[in-house]
Amino acid sequence: MVERYHTELASLKGDVLAMGHLAQGMLHQSLEALKTRDAVVVGSIDRDKKRIADYDHDIEQKCLRLIALHQPMAKDLRMIAASMKVITNLYRIGRYGKDIAIVVPDLARAPHVGNLVSIPHMGDLVEGMIADTLIAFEHEDLTAISDIRDREVAVDALRYSVFRECLTYMMEDPKKIAQCTNYVMIARYLERCGDHACRIAEKVHYMVTGDRIEIR
């Protein structure tokens, strides 16, 4: 019975990590499609939307089953509770990836303005934050996310940088308003993904230490 319980815990962690890599992949694919103006990738990301929703439902059910059948305590209980919160954030990251992909066909019709302003750099920062929270979750080691607060500050600053730069382009040439409006929206999506990475980091910190923190 004990061996089966630990096997189920390990399976739960594996499922959360798989969902995390799927969410990260959806965001990465959409950003690559944005850079290359590849509208074809939208269909693939749309199919992934169903997969990530299935992960969300199945993992939640697995967590509830583990609690009901095994009445876990201490760190095991924290891991299960953290997993239930983490998957909500991962689902949102995946959906933001889909939201970015949706505007790619519109942006693929013309060359990018200002080499996509600061969006590629912002995307790299956010993807790194997500990847490191998954590493911390997998290894139950907070080292990878020790500087995540600083990275969130950098992402927030880039969002405002994108807005200011896009505003300049729109004032100079009204024909660029539609493109730049999409850039501002994408920057907002990336900022929200960074926020979700911070929420995951908070839950991982709680899982590992038993202490609750707030990253702002």
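How many aromatic pairs does the structure hold? In this predicted model, the structure holds one aromatic pair, and the pair offers a convenient way into the fold once the overall architecture has been set out.

The chain comprises six helices and zero strands, and read from the N terminus its elements follow the order α-α-α-α-α-α. Its radius of gyration is 19 Å, close to the 17 Å that the globule rule gives for 216 residues, so the chain is as compact as a globular protein of that length. Taken along the principal axes, the box filled by the C-alpha atoms is roughly 65 × 35 × 20 Å. Of the 216 residues in the chain, 45% are buried, and among the contacts with a separation of 6 or more, 82% are between residues 24 or more positions apart.

The surface and the charges complete this general description. The accessible surface of the chain is about 10,600 Å², and carbon and sulfur atoms contribute 54% of that area. The chain carries 29 positive and 32 negative charges, and the mean positions of the two sets are 4 Å apart.

We can now return to the aromatic rings. A pair of aromatic rings is described by the distance of the centres and the angle of the planes. For the one aromatic pair of the structure, the ring centres of Tyr96 and Tyr189 are 5.4 Å apart and the planes meet at 35 degrees, so the pair is tilted; an angle under 30 degrees would have counted as stacked, and one over 60 as edge-to-face. Because Tyr96 belongs to helix H3 (residues 74-107) and Tyr189 to helix H6 (residues 177-209), the pair ties together parts that are 93 residues apart in sequence. Both tyrosines, Tyr96 and Tyr189, are buried.

The loop that follows H3 deserves a look at its backbone. Most residues other than glycine have a negative phi. Asn115, in the loop between H3 and helix H4 (119-139), has a positive phi near 55 degrees although it is a residue other than glycine. Leu116 is placed in the loop between H3 and H4 as well, and Leu116, not a glycine either, has a positive phi of about 65 degrees. Are these residues buried or exposed? Asn115 is exposed, with a relative accessible area of 66%, whereas Leu116 is buried, with a relative accessible area of 4%.

Two further residues show how positions separated along the chain come together in space. Ala33 is part of helix H1 (residues 2-36) and, at 2% relative accessibility, counts as buried. Leaving aside neighbours within four places in sequence, the contacts of Ala33 are with Asp38, Val41 and Val104, while the C-alpha atoms of Ala33 and Ala108, 75 residues apart in sequence, are 9.0 Å apart in space.

Arg216, in turn, is located in the segment after H6, where, at 67% relative accessibility, Arg216 counts as exposed. Not counting residues up to four places away in sequence, Arg216 is in contact with Arg149 and Glu152. Arg216 and Arg149 are 67 residues apart along the chain, yet their C-alpha atoms are separated by 6.9 Å. Ala33, which is buried, and Arg216, which is exposed, thus illustrate such pairings in two settings.

Conventions: Residues are numbered from 1 along each chain as its sequence is written. This is a predicted model: local features need pLDDT of at least 70, side-chain atom pairs count only at pLDDT 80 or more; totals for chains, interfaces and linings use all residues. Side-chain values use heavy atoms; hydrogens and water are left out. Helices (H or I, at least four residues) and strands (E, at least two) are DSSP runs, numbered from the N terminus. The radius of gyration is taken over C-alpha atoms; the globule rule is 2.2 Å times the number of residues to the power 0.38. Buried means under 20% relative accessible area, exposed over 50%, partly exposed in between (1.4 Å probe, protein chains only). Contact means heavy atoms within 4.5 Å. Accessible areas come from the Shrake-Rupley method with a 1.4 Å probe; for residues, only the protein chains shown count as cover. Lys and Arg count as positive and Asp and Glu as negative; His and the chain ends are not counted. The place of a charge is taken as NZ of Lys, CZ of Arg, CG of Asp or CD of Glu. Rings of Phe, Tyr and Trp (its six-membered ring) pair if their centres lie within 6.5 Å; planes under 30 degrees apart count as stacked, over 60 as edge-to-face and the rest as tilted.
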